[in-house]
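Subject: Structure for you to look at

Hi,

Here is the structure I said I would pass on, with the sequence alongside. Have a look at it first, and then read my notes below.

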Amino acid sequence: MRSPDSELYKDKIEISLDGRQVFYLFFGGAVIACLVFVLGVMVGRRVEARAHVDRAAGTTAARDPLAALDRLDAPDGDDMSFRNALGGGGAGSQVDDAVAAIDQARAAAGAAGAADVPAAAPATDAATRKQAAADEAARKQQAADEAARKQAADEAAARQKADEAAAKKAAAAAAKQKAEEAAVAAKKAAEDAQAGKFTLQLSSFQDRNEAESFLADVRNAGYKAYLVQADVENKGRFYRVRLGSYGDYQAALDAKAEFERKVNKIAYVTRL
């Protein structure tokens, strides 16, 4: 005979296994299987991403975008754990981001990865060529400045030499003229000495009254001066006050010096 407890337990079993609960149980199992499948896919992609990161461990983040995956560590420290995978968003979203970064890195590496170092080299070569061109231009400018300074110095030296030559030429011309004048004066003196008599001309006036007044002053000083009338072409008549008659030029010069010392008037030696 069955006990009431066994009957109650049997009733509970039958109630918990009705059609609705069986459906829920099957549906829950299907959901869990899907979650396990999705988790397996994510874990596989994570493992693949880790493999790419390990191969690129020798590069830097600036040279290789895959190096950025080293910073995708989960806060709990274990992105591959079942707990973190079921937590959602944490490791799963990081795996998706890592996979997307890997795809972008692959595309970028195929287009520009191999050209990073060669691109820097042309830039360096261009900078070197530019600096070399600037240095060459500076050297040329310095050479041009030196040439200009040398040319200016040569021109200044040439001008100085020309000025010195002109000064010497002028001095020679002045000396020659002075010599010629001295020769003419000597010749005239010789001619005057050979011609005969000389006299002292004290002054010359166009007004006869003035001439006679000057003549009176000289006579009052004790000299026997006399008045000579002369007509000068294009100038008119002049009245000349003269003194003495001398046989040679030197005698006239001596008389001139003595007259000027005593009377304090100027006299000129002239030929009669």
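What follows is a run through what I found, starting with the overall picture and the confidence.

First, keep in mind that this is a predicted model. The mean pLDDT of the protein chain is 76, with 65% of its residues at 70 or more. Confidence is highest in E1, at 92, and lowest in helix H3 (residues 82-87), where the mean is 45. Residues 58-63 have pLDDT below 50, and beyond near neighbours in sequence that stretch makes 7 contacts in the model. Another stretch, residues 72-89, stays under 50 as well, and the model gives it 25 contacts beyond four places in sequence. Where pLDDT is low, the predicted coordinates should not be read in detail.

Now the layout. The protein chain has 7 helices and 4 strands, and from the N terminus on the elements run α-α-α-α-α-β-α-β-β-α-β. Of its 272 residues, 18% count as buried. If you take the contacts between residues at least 6 apart in sequence, 58% of them join residues at least 24 apart.

The sheet

The 4 strands make an open sheet, ordered E2-E3-E1-E4, with antiparallel pairing. Strand E2 (225-232) and strand E4 (268-271) are the edge strands; each has a single partner strand, so one side of each is left without a neighbour in the sheet. From one strand to the next the twist averages 45 degrees.

Going through the pairs, E2 and E3 run antiparallel and are joined by 8 bridges. Gln229 has Tyr239 in E3 as its bridge partner. E1 and E3 also pair in the antiparallel sense, over 6 bridges, and here Gln201 stands opposite Arg242 in E3. That leaves strand E1 (residues 198-205) with E4, an antiparallel pairing over 4 bridges. Phe198 has Arg271 in E4 as its bridge partner.

The helices on the sheet

Helix H6 (residues 208-220) packs on the sheet and touches E1, E2 and strand E3 (236-246); its direction makes about 155 degrees with that of E2. Helix H7 (residues 249-263) packs on the sheet too, touching E1, E3 and E4, and its direction makes about 50 degrees with that of E1.

I spent some time on H7. The helix has 15 residues and reaches 21 Å from its first C-alpha to its last, close to the 21 Å expected at 1.5 Å a residue. Which residues of H7 are buried? They are Ala252, Ala255, Phe259 and Val263. Seen down the axis of H7, these buried residues fall within an arc of 65 degrees, so they line one face of the helix. Their cover includes E1, H6, E3 and E4.

Arg271, the bridge partner of Phe198, is also worth a look in relation to this helix. Arg271 is in strand E4 and is partly exposed, with a relative accessible area of 42%. Its C-alpha atom is separated by 9.6 Å from that of Ala252, and the two are 19 residues apart along the chain.

Two asparagines with positive phi

Asn234 is in the loop between E2 and E3. This hairpin has 3 residues between the strands, and Asn234 takes a positive phi near 65 degrees there, a positive value in a residue other than glycine. Is Asn234 buried or exposed? With 77% relative accessibility, Asn234 counts as exposed.

The other one is Asn264, which comes just after H7 and has its place in the loop between H7 and E4. Asn264 has a positive phi of about 65 degrees although it is not a glycine. The residue is exposed, with a relative accessible area of 70%.

If you want a route through the model, start at the E2 and E3 hairpin with Asn234, cross the sheet in the order E2-E3-E1-E4, and then turn to H7 and its buried residues, among them Phe259.

Best wishes

Note on methods. Residues numbered from 1 in each chain as written. Predicted model: local features only at pLDDT ≥ 70, side-chain atom pairs only at ≥ 80, totals over all residues. Heavy atoms only, no water. Pairing = 2+ DSSP bridges. Axes fitted to C-alpha atoms, helices over the stretch in contact; angles between N-to-C directions. Contact = heavy atoms within 4.5 Å. Expected span 1.5 Å × (residues − 1). Buried < 20%, exposed > 50% of the residue type's maximum accessible area, 1.4 Å probe, protein only. Arc of directions from axis to C-beta. pLDDT = per-residue confidence, 0-100.
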